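User: I'm new to this one and would like to know where the descriptions come from. Can you take me through the reasoning?

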Amino acid sequence: MKDIVPPPPPIVRNDVAAVQALFQQYVVPSYGRFDIVLSHGSGSYLYDITGRRYLDLGGGIAVSSLGHAHPAITEALVEQSRKVIHTSNFYYHEPQGRLAQALVSLIGPGKCFFCNSGVEANEGLFKLARKFGHDEGRFEVLTTVNSFHGRTLAGIAATGQEKVKKGFEPMVPGFRQVPYNDLAAMRAALSPATAAILVEGIQGEGGVMPASPEYLLGLRQLCDEKKLLLLMDSVQCGHFRSGRFQSFQRILEGVPGGETFLPDGISMAKALGSGFPIGAFWVRAPYADLLGAGSHGTTYGGSPLACAVALKILDVIQREKLADNARQTGDFLKTGLQQLAQKYPGVVQSVRGLGLMLGIELAPNIPKLPGDPAKMQVVRFANLLHAAGLLAIPAGAQVMRFLPPLNLRQSEAEEGLKILESVIAPLAG
Ligand SMILES: Cc1ncc(COP(=O)(O)O)c(C=O)c1O
């Protein structure tokens, strides 16, 4: 058979420039990428095509919850692909039902819808809010300043960061942003059109900012009082990253009234499939049938393959008690980061986060930070970390995030702290 597209030229191993040239010529340049060409991974480590090893404390932006090349994920992929990969949602299959059951048992009475990404999970919540408010002419979703909810048109309208909106105006109507962790501001912002409030339990892209317990409890009260849906975006902070399945469960631990707290909808993705694309939203029981037959859907949503992988990941996390590990190793890492902040206040201004979702805020001006001053400090800092063999994820201009696998070992956290100190110490003073 004649090739429709000519075969690609062979890539010489170690040839970073050849791979980058492919991107320059053939890939839409919508991402700012670092100069690293990755090849493969194992556990908490990634390797580039020159054979350099990196300790991956970025976890592919809070995705790779079991680390890289985990045999249980390979096994689930292989086993399920031998049975059936895809059926469409015209039919029933066991993995989707079982995964919905597992998520409901981890959150509370309700039902789940499956999709393929975080922004699609949020889109489902927006449609839920519109359906909920429709008969009363209510459609507006209030979100928060510095939030991030994804890159579709509704996602950027919901997101509280101007940089994602710029050039794509006009925005989808029905979204307004209100300062985060400010209950009075949220109350004051309500309008007769408001149908729902959407917040992250811990803002991720906004710089690792956890919601306060008072804020979450206050939002619940406000939503009950005004007949609004309380929606939570758990795409980044969910799936045991905080040390509990949901970050609100961790934030409200031991807080009076916290045990019974539930939002009305929760979006999930990222670590749910740990690299295999799957998203979901959970909706609380009273509203679980609002989206009736024909009202919402997606071809790939909740495929047997995606659900089998997600079920296996849940199984490993629970069997290996990785929520406890996220809490303990997270505490260890956080203490180490706080010590670095105390020792080098001219470089690290503060440390934030819960479990294995941590961030360091860089000091506003680090004179010894090398690199092009036109580039953000956090990008220049990331380049230094990379050169020292550590991957971490920038959040905004000043915060470096650590979102490692949930099975990170204490020895690996120690290694990460040592690398960090080797980068930070020469910048201090
Ligand atoms: C809190 C939050 N919501 C939504 C999204 C969008 O998820 P996705 O990129 O899978 O569409 C992200 C992605 O970073 C996120 O952090």
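Here are a few questions about this predicted model, each answered by setting a value against its definition.

User: What makes the protein as compact as a globular protein of its length?
Analyst: Start with the radius of gyration, which is 22 Å. The globule rule gives 22 Å for 429 residues, and the two are close, so the protein counts as that compact. Its C-alpha trace spans about 65 × 60 × 45 Å along the principal axes, and the chain holds 14 helices and 17 strands.

User: Why is strand β12 called mostly covered?
Analyst: A residue is buried if its relative accessible area is under 20%. In β12, residues 279-284, five of the six residues meet that cut-off, hence "mostly covered". Across the whole protein, 52% of the 429 residues count as buried.

User: How do you know that β4 and β12 pair?
Analyst: Pairing takes at least two bridges between the strands. Strand β4 (residues 110-115) has six to β12, so the pair qualifies, and the two run antiparallel. One of the partnerships there puts K111 with V283 of β12.

User: And what makes β11 a partner of β12?
Analyst: The same test, at least two bridges, applies. Strand β11, residues 265-268, shares four bridges with β12, again in the antiparallel sense. M268, for instance, has A280 of β12 as its bridge partner.

User: Which share of the contacts between residues at least 6 apart joins residues at least 24 apart in sequence?
Analyst: That share is 70%, where a contact means heavy atoms within 4.5 Å.

Note on methods: Residues numbered from 1 in each chain as written. Predicted model: local features only at pLDDT ≥ 70, side-chain atom pairs only at ≥ 80, totals over all residues. Heavy atoms only, no water. Rg over C-alpha atoms; globule rule 2.2 N^0.38 Å. Buried < 20%, exposed > 50% of the residue type's maximum accessible area, 1.4 Å probe, protein only.
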